[in-house]
Amino acid sequence: MDEKDLLDQFAEHFYQGWDVLATGGGFLVTTDWMLPTGERIEIHVRRVGDREDLFLVSDGGELINFLFSQGVDLAKDANSQRLLDGVAERHALKITEYQLVKGADELEVGPAVRAMLEAVKEASFLLWPLIRSKPEDSVH
């Protein structure tokens with residue numbers, strides 16, 4: 001075995017267990033990466049308007065909804081918002097309309113999906129200690 005063989009194995013197994021569903025305007029990528037609650041992370045890839053060569057990659061609001069459902073209200077928690085902003089910046093993402101988003105052309109979709117996936121995973125685990133520290137009867 002050499003370095004190329006090992007890289008080929010990584011490439012083959014990286015996306016095993018993933019599902020890609022074509023939607024009317026793009027794709028829904030369901031990964032085998034999990035949120036701290038065990039839910040699979042989904043990434044949305046949508047065409048921009050009628051363009052066949054431009055895409056918007058997003059988490060579909062999954063991360064912010066997950067945080068809110070676990071009692072983290074980013075509108076009221078400046079520290080959590082700063083942490084999320086830092087994660088988005090590190091992965092070259094934007095936060096808009098309660099979603100993490102990134103624009104991509106056809107050649108950038110794969111790297112954009114990876115950046116989105118890593119950001120959702122990183123932010124969910126980074127904020128998990130704050131979620132676990134909330135009282136059990138706290139809704140928000």
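This is a short dialogue on reading a predicted model, from its overall layout down to one residue.

Q: Where do I start? How many helices and strands are in the chain?

A: Start with the inventory, then the order. Here the chain has four helices and six strands. Reading from the N terminus, the elements go α-β-β-β-β-α-α-β-β-α. The C-alpha trace spans about 50 × 45 × 25 Å along its principal axes.

Q: Okay, the sheet next. What is the strand order?

A: For a sheet, take the order in space, then look for the edges. This one is open, with its six strands ordered β1-β2-β3-β4-β6-β5 and paired antiparallel. Its edge strands are β1 (19-23) and β5 (94-96), each paired on one side only. From one strand to the next, the twist averages 30°.

Q: Let's look at one pair. How many bridges join β5 to β6?

A: Three bridges link β5 to β6 (residues 99-105), and the two strands run antiparallel. If you want one to click on, Ile 95 has Leu 100 as its bridge partner in β6.

Q: Which strands does helix α3 touch?

A: With a helix on a sheet, check the contacts and then the angle. Helix α3 (residues 78-90) packs on the sheet and touches β5 and β6, its direction making about 130° with that of β5.

Q: What span does α3 reach, and what would be expected?

A: Compare the end-to-end distance with the expected rise. α3 has 13 residues and reaches 18 Å from first C-alpha to last, close to the 18 Å expected at 1.5 Å a residue. After the helix comes Ala 92, with a positive phi near 55°.

Q: Which residues of α3 are buried?

A: Ser 80, Leu 84, Gly 86, Val 87 and Ala 88 are buried in α3. For the chain as a whole, 34% of the 140 residues count as buried.

Q: Now a single residue: is Ala 112 buried or exposed?

A: Here you need the cut-off: buried means under 20% relative accessible area. Ala 112 has 1%, so it counts as buried. It sits in helix α4 (residues 109-132).

Q: What is Ala 112 in contact with, leaving aside its neighbours within four places in sequence?

A: Val 57, Lys 102 and Ala 104. As for Lys 94, that residue and Ala 112 are 18 residues apart in sequence and 12 Å apart in space, C-alpha to C-alpha.

Q: And what about long-range contacts and surface across the chain?

A: Of the contacts between residues at least 6 apart in sequence, 49% join residues at least 24 apart. The chain exposes about 8,600 Å², with carbon and sulfur atoms supplying 55% of it.

Terms used: Residues are numbered from 1 along each chain as its sequence is written. This is a predicted model: local features need pLDDT of at least 70, side-chain atom pairs count only at pLDDT 80 or more; totals for chains, interfaces and linings use all residues. Side-chain values use heavy atoms; hydrogens and water are left out. Two strands pair if DSSP finds at least two bridges between them. Axes are lines fitted to C-alpha atoms, for helices over the stretch in contact, and angles run from 0 to 180 degrees between N-to-C directions. Contact means heavy atoms within 4.5 Å. Buried means under 20% relative accessible area, exposed over 50%, partly exposed in between (1.4 Å probe, protein chains only). The expected span of a helix is 1.5 Å times one less than its number of residues. Accessible areas come from the Shrake-Rupley method with a 1.4 Å probe; for residues, only the protein chains shown count as cover.
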